[in-house]
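I opened a fresh notebook page for this one. Here are my jottings, in the order I looked things up.

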Amino acid sequence: MAKYSSSSLTLLLSIFFCIFSALHTNVAESRRPSLPISYLITKQLFDSIFLHKDNNACPAKNFYTYDSFIQASKHFRGFGNSGSLVTRKREIAAFLAQISHETTGGWATAPDGPYAWGLCFLEEVSPQSDYCDKTNTQWPCFPGKSYKGRGPIQLSWNYNYGAAGKALGFDGLKTPEIVANSSIIAFKTAIWFWMTEQKPKPSCHDVMIGKYVPTKADLAANRTAGYGLVTNIINGGLECGIANDNRVSDRVGYYQRYAKLFNVPIGSNLDCQNQKPFN
């Protein structure tokens, strides 16, 4: 039988204790309840992000409330609730940055800077059409209805209104205006778009949490993971593959400000100027 000195036994016990503690910690972490999104973004932080959303100059004054955002987010279990704490905060920062650009009321010399004016607009100003894609027979347009941009993500086109309505429990084709009448539904449509894969596009959510796996076509088109790919998903047909596009720069500016407020790194591949659009 081998004999061990007291120092050897002490070392073995220390190693055993470390292994046991690590296993116990992992089990405890897996059982720990998920942090509510209201913990990751408090009302105070929300208000500091959207300094001027309720300014008299903003058509959406008093529409986009913190409570509506929190209530809407509860409908999507994975939103801001996937990965590490840094990953969760960065996803929320990226989402808020994108919807801020879509609804911006900022300008270069605006008070507190151009990136303090998100959620200023509710509906698209001077829409160029009724955004009815008549070739889409799955979601036929309802006579007399406009599928212009509405809400935080500026949801547009009949196929998006139809699919969002089906997922969220309202008739998006017959009553698209509900997106501009209900703050909770408005936020739900934005998070729905963020969370939903629309092939060949991945979801914005999967990109921001590191779940996105590029296809051969993505690699050939230089569509690499990062905030820039999220921009490509949202409006790549008009903004990506263009050098120094002001709209892309605006999206990045919002993201940089919000990431700083969340105290998280912004990551790489912020723009999409070298990416080909998905369509």
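I began with L119, which sits in the loop between α5 and α6 (158-168). Helices here are DSSP runs of H or I with at least four residues, strands are runs of E with at least two, and both are numbered from the N terminus. A note on what I am reading: this is a predicted model, where local features need pLDDT of at least 70, side-chain atom pairs count only at pLDDT 80 or more, and totals for chains, interfaces and linings use all residues. Residues are numbered from 1 along each chain as its sequence is written, and side-chain values use heavy atoms, with hydrogens and water left out.

Is L119 buried or exposed? L119 counts as buried because its relative accessibility is 0%. For my own memory: buried means under 20% relative accessible area, exposed means over 50%, and partly exposed lies in between (1.4 Å probe, protein chains only). I also noted that the phi of L119 is positive, near 60 degrees, though the residue is not glycine. Most residues other than glycine have a negative phi, and most peptide bonds are trans.

Next I looked up N222, another non-glycine with a positive phi, about 60 degrees. N222 belongs to the loop between α9 (216-220) and α10 (227-239). With a relative accessible area of 36%, N222 is partly exposed.

Then I checked a peptide bond. The one from K199 to P200 is cis, and its omega is near 10 degrees. I found P200 in the loop between α7 (183-195) and α8 (204-208).

I turned to α6 after that. Its buried residues include N158, Y161, G165 and L168. What do the buried residues of α6 pack against? They pack against α7, where contact means heavy atoms within 4.5 Å. Just after α6 comes G169, with a positive phi near 90 degrees.

S73 was my next stop, in helix α4 (residues 66-73). S73 counts as buried because its relative accessibility is 5%. Setting aside neighbours within four places in sequence, I saw S73 in contact with I37, F79 and I191.

Last, I looked at the surface. L35, Y39 and L85 make a nonpolar patch of about 280 Å². Patch residues have over 30% relative accessible area and no salt bridge (a side-chain nitrogen of Lys or Arg within 4 Å of a carboxyl oxygen of Asp or Glu); like charges are joined within 9 Å, and nonpolar side chains (Val, Leu, Ile, Met, Phe, Trp, Tyr) within 5 Å. L85 is in helix α5 (residues 85-102) and is partly exposed, at 40% relative accessible area.

Methods: Accessible areas come from the Shrake-Rupley method with a 1.4 Å probe; for residues, only the protein chains shown count as cover.
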